[in-house]
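Subject: The structure to look through

Hi,

Here is the structure I said I would pass on. Have a look around first, then read my notes below.

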Amino acid sequence: MNSQDRPVSSLKDKIKSSWPYTLTVAIIGFVSLWIRIIPSDNVIFPGGIVKFTTNDAWYHMRTLFVLLENYPHRMFFNPMTNYPNGSYIHFGPLFDQMMAITSLILGMGNPSSQLVNTIGAYFPAVLGALTVIPVYYIGKYLGGHKVGILAAIMIAFAPGQFLSRSMIGFTDHHVAESLFSTFFMMFFMLALISAKEKKLHFEDVFNKKFNVLKEPLIYSVMAGIMYSAYQLSWPGGSLFLFIVLVYAIFQYILDNFRNESSDYLGFTGVVTCLISTILILPFVHPDMGFSLYYYSWFHVVTALGAMVGFVALSFIEREFKRKKIKAYYYPFLILVAGIFGLIIAKIVSPSLYSLIIHAPSTVFVIQKGGPSTIEEASSIFFPYGTFTMEKVYLNFTATGFFASLLGMLMLAANQFRKPKPEELLVLVWSFLIFLTIYGQNRFAYYYSINVSVLSAYLGGLLLEKVKWSELDQKFKSTVKSPADIPEALKLVRVEQVIAVLLIVVFLIYPVYGSAIPYTKMVYGQPIQPWEDACTWLRSNTPDPGMDYNAIYEAPENGELFNYPDTAYGVMSWWDYGHYIETIGHRMPNANPFQAGIGGRTSSINETNRPGATTFLTAPSEEEASAVLEAIDPRPDKAGARYIMSDARMATDIFGSIATWTLDNKGYTQVYLIDKEYRSLPTTRYFNTMEAKLHIFDGNGLKQYRMIHETEAYQTNELLYKQVYNYFYGGKLSEVDTGYVKTFEYVKGANVTGTASPNETVNINTTILTNQGRTFEYSQSTTADSQGKYELTVPYSTEGPIAGETQFDTAPSGPYVLSYGNTTKEVKVSEEDVLKGEEIKV
């Protein structure tokens, strides 16, 4: 920290000296907010209609409305998703509470839906702009005002995931994570700096030296509050406690080697952890045991354990100094103590031990199997299984990323010259967050903070080389009024101009240029067909008998939620579960919490669990129906009544769907076409339930009928049909059909009769969809040795009935039954289809 950044003698002088910087940061913050709300016309339409831009944004608004309906009580268990199990909500309460309180204040206790939606849409943009503040102060205390201002500019325009997750409409807790984790690091840094400058010792606490304790105590308490705010935004917030602990170990070791007291560090750590323990305790769900994903005893134990760790490390250090033990034994003793602690944890609580051991792998290690198909959970360096810097440059720019690496090297070098606690803290923090993006690219919104600070730090070193501080001092002494500015500009040297130009060209302009395209796009918004399909589902399917905005108690451990008899599930891929619930007000079997997927998590498992992946990849109708029946263990209760499929599921992401079964071989085959190798679908793919439903429109299926389709879009569906016709002798109409198709799982009407023994019996009809499209439904069977035959058909020729599905896709006329020279028309009522009645011909 430079001398000009030291606290001045009085508050008045402090305000007077810092107001230009405060004003500059405020301007940067407003610019940052502005670029985040540029696409407001694409998000907030006339009449206050809001289109949220992510799965989780829709779900956060769902939890927000439930919270406002039952304020101050919030939803923790939700039976309206992951049917028939329901899902515990792992979202932190703080993000929703902040939006709820804002809505209640602005709505004077009774906010309208339009107001709540608008607040929800703008909220991430405001939090993203506020992040400028802690980034400025971290930069300032790392290298002076110039570094702080540059860091604030860098984060204001930081592209990639940090910008996209803080854009208007991206109503998700990620931006709150970034804001509060950065505030946490800022206050923790200020506490360290203040405590060390005041030469704080533990004896000062007992001797009540408040002049020494006051400032470090305030900063430490604020650090504890901000850590709690961060953790209450995301249950995985223990990540930053881990970062601080790793930093603390290195700092204790270095202080011990330099024969310096670490009481300043111990005091800061103990107060921070104590405050966070107190604040997180009311939000713990004891029935969760030790869980990283829900607020459990894990979050209390880790905070308390960290506090004990700070006490132990400080005590050991004092004993080393008192007994004059050689410093190199200190790291060895820490290692032994850590191993001993793990042994105790394994004996006392094997579940806690397992969580501590395996938690780092979920963050720092590249995912395998099904989780590897989750885009945000893939490595930023190996997003497609091979090394690439594409996502790195998109998130940080090339110069920003490499500047951050060089910044870390400079900070590491400083530890051998003039070590400072704040520099080591930023170094460890940055390095560990760098490792997180190796494991999961989603953490790029964290590393953007580090890139901004480290790039600014590097820029600050360049300015110091050209003696920028001297120029700053001359400006302050020369410029007394605007009229003095022209004369003061003569003091600027050529190398200083060049340094500023280099910073603008290589640091500021790249992030600005990369950020602007992001402001013109809206991310992840459900395209219109999904909104149309879910809106139709809500209006044209039976009420499942659930109170949508009610708060439900979780069932006893090991028991299923007690659903009403009218309840049912909707099967689709997990990507679309929140749309089905929040727009359609129906209960998806799978959701973006990766619940209800089924499949396998390890090749050791011999069988796949029933769920979305096993249903969609089922090689026959019978096996698919068996999956639905297995999902809900209750007698005569299928796991899903409706199935929703879109063109992406049938084409682009089918490989990802199959990966969750750990058996994704043979669905495609590579062909050399026009000197280009292309992976094309095979017979195994065309036999899957997903292909039968979406590519073949459910033709020939006995218990599945299309009931609605949305408008057609140009997709790879056409290519898949061409492949089927060319390679497998098919006769599919080579056109794109409904982007989202909704099917119903029914018992089916049983058409029976007699023909000649072993004779082929056919039944067919023309289906007319709500889009005016027609396709043929046909089925055949062979009469037995006595001439008896039975065909199960899913469509009603007589139209819908009250209280049941109001389908708008149905046969345009009766079925035509034929065998030999005989042709008969068969009419089937809706009751016949739903009850599985027999129709004798």
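**What I found**

Let's start with one side chain: that of Thr710 comes to 3.0 Å from the backbone nitrogen of Val740. The same side chain also gets to the backbone nitrogen of Tyr739, at 3.5 Å. You'll find Thr710 in the loop that links strand S10 (704–709) to helix H32 (717–728). Is Thr710 buried or exposed? Its relative accessibility is 2%, so Thr710 counts as buried. If we skip residues up to four places away in sequence, Thr710 touches Pro529, Asp532, Ala533, Gly738, Tyr739, Val740 and Gln771.

Before you go further, keep in mind that this is a predicted model. The protein has a mean pLDDT of 91, with 95% of its residues at 70 or more. Residues 1–9 are a place to be careful: pLDDT stays under 50 there, and the model gives them 20 contacts beyond four places in sequence. Where pLDDT is low, predicted coordinates should not be read in detail.

**The five-strand sheet**

S10, the strand just before the Thr710 loop, belongs to an open sheet of five strands in the order S6-S5-S7-S11-S10, with mixed pairing. Which strands stand at the edges? They are strand S6 (587–588) and S10; each has a single partner strand, so one side of each has no neighbour in the sheet. Strand S5 (residues 569–571) runs parallel to S6, and two bridges join them. Across that pairing, Val570 is opposite Pro588 in S6.

Helix H24 (residues 528–540) packs on this sheet, where it touches S5, strand S7 (642–646), S10 and strand S11 (740–745). The direction of H24 makes about 170° with that of S7. Helix H27 (residues 621–631) lies across S5, S10 and S11, and runs at about 80° to S10.

One more residue to click on here is Lys51, in the loop between strand S2 (49–50) and helix H3 (55–69). What does the side chain of Lys51 make a polar contact with? Its partner is the side chain of Glu531, at 3.3 Å. Lys51 has 12% relative accessibility, and because buried means under 20%, Lys51 counts as buried.

**The other strands**

There is also an open sheet of three strands, ordered S15-S12-S19, again with mixed pairing. Strand S15 (788–793) and strand S19 (838–840) are its edge strands, each pairing on one side only. From one strand to the next, the twist averages 25°. Strand S12 (residues 749–754) pairs with S19 in the parallel sense over three bridges, and Thr752 stands opposite Lys840 in S19.

For an antiparallel pair, go to strand S13 (residues 760–768) and strand S14 (residues 774–782), which nine bridges join. Asn764 is opposite Ser778 in S14. S13 and S14 form a hairpin, with five residues between them. In the turn, Gly772 has a positive phi of about 80°.

**The nonpolar cores**

In soluble globular proteins, nonpolar side chains tend to be buried together. How many residues are in the largest nonpolar core here? It has 203 residues, and the ones with the most contacts inside it are Leu239, Phe240, Trp573, Phe615 and Tyr704. Helix H9 (residues 174–197) gives the largest share of this core, 16 residues. Another core lies apart from it, with 13 residues, including Ala658, Tyr667, Phe686 and Ile695.

Trp573 is a good one to display with its surroundings. Not counting neighbours within four places in sequence, Trp573 is in contact with Ile597, Ala612, Thr613, Leu616, Met649, Ile653, Ser656, Ile657 and Trp660.

Last stop: Ile449, in helix H20 (residues 444–465). At 2% relative accessibility, this residue counts as buried. Its C-alpha atom is separated by 7.7 Å from that of Thr182, although the two residues are 267 residues apart along the chain. Beyond its neighbours within four places in sequence, Ile449 contacts Thr131, Val135, Ile155, Phe162, Thr182 and Trp429.

Cheers

Definitions and conventions
Residues numbered from 1 in each chain as written. Heavy atoms only, no water. Pairing = 2+ DSSP bridges. Helix = DSSP H or I, 4+ residues; strand = E, 2+ residues; numbered from the N terminus. Axes fitted to C-alpha atoms, helices over the stretch in contact; angles between N-to-C directions. Core = buried A, V, L, I, M, F, W, Y, C linked by side-chain atoms within 4.5 Å. Buried < 20%, exposed > 50% of the residue type's maximum accessible area, 1.4 Å probe, protein only. Contact = heavy atoms within 4.5 Å. Polar contact = N/O pair within 3.5 Å; in protein donor to acceptor, adjacent residues only side chain to side chain. pLDDT = per-residue confidence, 0-100.
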